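Here are a few short exercises to try with the model open beside you. Have a go at each task before reading its solution.

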Amino acid sequence: MSRNYKILALLILISFALISCEGHKTAVGGLGGATAGGLLGHAFGGGTAGIIGGAIAGGLIGGAIGSHMDANDRRESERASQQAFESAPSGQATSWSNPDSGNHGSVTPTRTFQADSGQYCREFQQTVVIGGKEEQAHGTACRQADGSWRITD
Amino acid sequence: MKTAKYIFLVLAIVSLVAADTAWSDTKQSINSEGIMDITDLNEDDRIDLEEYRHRITDVYFFLDANKDGKLTVVEIQRSMPNLDADLIDNADVNGDTIITIYEFRYVLYKDFDAMDKNQNGSLDKQEMKTAIEEK
């Protein structure tokens with residue numbers, strides 16, 4: 001084999017080695033403090049909910065207090081919940097109020113996670129004040145394919 | 001009179017653009033105080049690994065624009081156009097152009113370790129300030 005062929009064979013081998021390495025990063029580092037900080041501190045959310053006014057499947061607040069919520073209370077509560085699940089960072093409350101009844105409340109996502117299916121779920125805490133009485137509840141809502149949220153727990 | 005109207009119109013447009021830019025700069029500015037406010041859930045002036053993980057998952061959720069449970073570099077750039085695409089691409093460990101939540105966490109956990117200068121398992125304001133000032 002001439003010297004030129006040997007060099008050519010060597011180059012081909014090196015090329016294959018490089019191609020096989022592509023797509024498999026053996027030594028992955030972090031993104032760097034500035035990038036990580038940029039991600040952590042970015043002001044996400046604040047947009048409109050996926051489905052404005054979309055019904056939240058499943059009851060948020062039950063019991064005697066819940067039964068005293070009128071249709072407008074429920075509508076406002078559902079709107080706030082939809083917006084909180086879709087747009088609010090964990091720990092940030094989204095409030096609602098019904099000026100006609102004086103009832104009000106808030107929904108605060110407390111944790112976000114992905115189910116095995118890839119579906120997003122958010123644990124939340126809800127507070128309602130109905131007729132001056134406060135009630136709290138917590139649960140889990142999962143995002144449906146159509147952008148609505150369903151209370152699962 | 002017509003010229004004056006044009007001048008007024010131009011000035012109004014310039015003012016609106018300037019105001020919008022200033023607002024955007026304010027919104028995009030990243031500082032350690034802001035990061036602590038949103039990440040330090042128990043308000044002890046430190047970000048522990050659990051709080052960090054919560055925030056990472058929130059960030060992943062918000063970056064995933066179509067909410068299909070998978071993140072692409074394009075989605076990240078859409079939300080944060082100033083981020084270095086090559087660095088973000090680094091998170092795609094297996095090179096399939098999709099950054100899973102596990103890959104996302106993996107690279108950001110490495111950053112947590114790097115930012116935690118005194119290796120006490122949490123990030124304080126000074127460590128966070130130092131990290132975001134690093135190039």
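**Exercise 1: the fold of chain B**

Keep in mind that this is a predicted model. Chain B contains seven helices and two strands.

Task: work out the order in which helices and strands follow each other along chain B.

Solution: walk along the sequence and you get α-α-β-α-α-α-α-β-α. Next, look at the contacts in chain B between residues at least 6 apart in sequence: 43% of them join residues at least 24 apart. As for burial, 27% of the 135 residues of chain B count as buried.

**Exercise 2: a helix pair**

Task: describe how H3(B) and H6(B) cross, and say which residues make their contact.

Solution: start with the axes. Helix H3 (residues 49-63) of chain B and helix H6 (residues 101-115) of chain B have axes that come within 10 Å and cross at roughly 135°. Angles over 145 degrees would count as roughly antiparallel, so H3(B) and H6(B) are oblique to each other. The crossing of H3(B) past H6(B) is right-handed. H3(B) brings Leu49(B), Tyr52(B), Arg53(B), Ile56(B), Thr57(B) and Tyr60(B) to the contact, while H6(B) brings Ile101(B), Phe104(B), Arg105(B), Leu108(B) and Phe112(B). Sort these by type and you find eight nonpolar, one polar and two charged.

**Exercise 3: where the chains meet**

Task: find which element gives the largest share of the side of chain A that touches chain B.

Solution: count residues to begin with, 33 from chain A and 37 from chain B. On the chain A side, the elements giving two or more residues are helix H2 (33-41) and strand E2 (103-114) of chain A. H2(A) gives the largest share, nine residues. By type, the chain A side splits into 11 nonpolar, 18 polar and four charged residues.

Key:
Residues are numbered from 1 along each chain as its sequence is written. Chains are lettered from A and ligands numbered from 1 in the order in which they are written. This is a predicted model: local features need pLDDT of at least 70, side-chain atom pairs count only at pLDDT 80 or more; totals for chains, interfaces and linings use all residues. Axes are lines fitted to C-alpha atoms, for helices over the stretch in contact, and angles run from 0 to 180 degrees between N-to-C directions. Helices (H or I, at least four residues) and strands (E, at least two) are DSSP runs, numbered from the N terminus. Angles under 35 degrees count as roughly parallel, over 145 as roughly antiparallel, 65 to 115 as roughly perpendicular and the rest as oblique. A crossing is left-handed if the near helix is turned anticlockwise from the far one by less than a right angle, and right-handed if clockwise. Two residues are in contact if their C-beta atoms, placed from the backbone, lie within 7 Å. Ala, Val, Leu, Ile, Met, Phe, Trp, Tyr, Cys and Pro count as nonpolar, Asp, Glu, Lys and Arg as charged, and the others, Gly among them, as polar. A residue is buried if 20 or more other C-beta atoms lie within 10 Å of its own, exposed if 12 or fewer, and partly exposed in between; C-beta atoms are placed from the backbone.
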